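The following paragraphs lead through one protein chain, from its overall dimensions to individual helices, loops and residues. Please keep the sequence and the model in view while reading.

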Amino acid sequence: MSLRGRLAVWYGLLLAGVLVLALGTVYFDHAVDHEADVDAEVRGAVTNAVAQITEDLARGIAPERLRIPAHSLAEPLAVWAILPGWTTPLGSWPAEPPWQISEIDPMAIPRGLATTSTSYGRVRTYGDELDPSGIVVVAALGAAEVDASLAELRVTLVTLGTAAIALAVWGGLAISGIALRPLAALTATAHAIARSRDLSRRVAVAARPDEELGTLGETFNEMLASLEAAQRAQLRFVAEASHELRTPLASLRGGIELLERTADPAERDQLSRHVHAEVERLTRLVQDLLTLARGDAGAPAPAPAPVELDDVVMDAFAELRRVSGPRLRVREIEPVVVEGDPDRLKQVVLILADNALRYAPGAAVDISLRRDGDRAVLRVDDEGIGLSDEDQARAFERF
């Protein structure tokens, strides 16, 4: 089921629960009130009859000559008086009980309130005994009309509740469709971007940014912008890496071809050193590319640790000296301990010294390391071509 359908169903169920509670309370209160009215009528009829009989007895009227008074307008109602030892009632009011309670045996009516079921419906009864005469007055009131009224009320409430729930579900579908329209547009845009791979597209945010759907749209656009930036960075990285690898690979291929064709031992030795130097350069370049790729992928940086920087500088010097020869010199080295990663620090020294050797052909390159207070100062001095103002502004860009 769709989200829209689920929202409508949940809204309908919630309303159904509220209606059941509210309408059930209404029906229960109405039924209790009706039952209380019926009990009050049948009890009042007996109470009035008892009062009248007690008055007649006080006036000296013989019990067998008592008459049942009529003081209630409720229908269908009948009241009887039963003398002690008699097997039949003394009399009743009215003389002929209504047909709705014709099946009731007044001699079997118990004291107090009670309910009896007949073929004509439910009958409510009440009995009371006069003290000390022992005369029993009983009454019966048909409750079929009250029960029918309550049944009609039940049907009405169920009908109204069902209609209200159906209307609520329909309204929930309409309202949720309107509310979720921005979400449908976002989904369609996401599918279109997935098919076209065009990360430059954005979702139109119709809702206010402080609303949930507006926040979702803004977040989705931010994600698209991040993916687009990552894609551009990846393409730029591939292009730059391809450009950087092309030169050493071409030089290496040319050196190997010349090495295969020449027979002069001196020239072969020189070409071999050249090939070895290009392999070293290519190895460093590939290592740099891997480092950059790990950084772009969000790999955590190594935890800094104490590093003897003078040992790192001397290792880099020994590695480059095999290629550069006596052109690379150490002017001054002081023991210095810094916090960092030894591999990355060595990489920095190799890059600086290699650039100096490459762009100062034939000239000497001096390396020095000294302590300056709580800092370490590494210097690479050369007589190269230097950097133009434009290149200085881009000196720390990749490649």
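What percentage of the 399 residues in the protein is made up of buried residues? The share is 30%, where buried means under 20% relative accessible area, exposed means over 50%, and partly exposed lies in between, with a 1.4 Å probe and protein chains only. The model is predicted, and local features therefore need pLDDT of at least 70 while side-chain atom pairs count only at pLDDT 80 or more, although totals for chains, interfaces and linings use all residues. Residues are numbered from 1 along each chain as its sequence is written, and side-chain values use heavy atoms, with hydrogens and water left out.

The overall dimensions come next. The C-alpha atoms of the protein fill a box of roughly 160 × 50 × 40 Å along the principal axes, and the radius of gyration is 53 Å, whereas a compact globule of 399 residues would have one near 21 Å; the radius is taken over C-alpha atoms, and the globule rule is 2.2 Å times the number of residues to the power 0.38. The secondary structure comes to eight helices and 10 strands, which are DSSP runs numbered from the N terminus, with helices being H or I of at least four residues and strands being E of at least two. Among contacts between residues at least 6 apart in sequence, 61% join residues at least 24 apart, a contact meaning heavy atoms within 4.5 Å.

The surface and the charges can be described in a similar way. The accessible surface comes to about 24900 Å², of which 58% belongs to carbon and sulfur atoms; the areas come from the Shrake-Rupley method with a 1.4 Å probe, and for residues only the protein chains shown count as cover. There are 40 positive and 58 negative side chains, and the centres of the two sets lie 10 Å apart. Lys and Arg count as positive and Asp and Glu as negative, while His and the chain ends are not counted, and the place of a charge is taken as NZ of Lys, CZ of Arg, CG of Asp or CD of Glu.

The loop between strand S2 (91–93) and strand S3 (112–118) holds Trp-99, and Pro-97 lies in the loop between S2 and S3 as well. Trp-99 counts as exposed because its relative accessibility is 55%, whereas Pro-97, with a relative accessible area of 29%, is partly exposed. Leaving aside residues up to four places away in sequence, Pro-97 touches Ala-78 and Trp-80. The C-alpha atoms of Trp-99 and Ile-385 are separated by 127 Å, with their positions 286 residues apart along the chain.

Further along, Pro-132 lies in the loop between strand S4 (121–129) and strand S5 (136–142), and the peptide bond leading to Pro-132 from Asp-131 is cis, with omega near 15 degrees.

Helix H6 (residues 309–324) has 16 residues that should span 22 Å at 1.5 Å a residue, and its end C-alpha atoms are indeed 22 Å apart; the expected span is 1.5 Å times one less than the number of residues. Its buried residues include Leu-309, Val-313, Phe-317 and Leu-320, and just after H6, Gly-325 takes a positive phi of about 75 degrees. Most residues other than glycine have a negative phi, and most peptide bonds are trans. Helix H7 (residues 342–359) has 18 residues and reaches 26 Å between its first and last C-alpha, close to the 26 Å expected, with Val-349, Leu-350 and Leu-357 among its buried residues.
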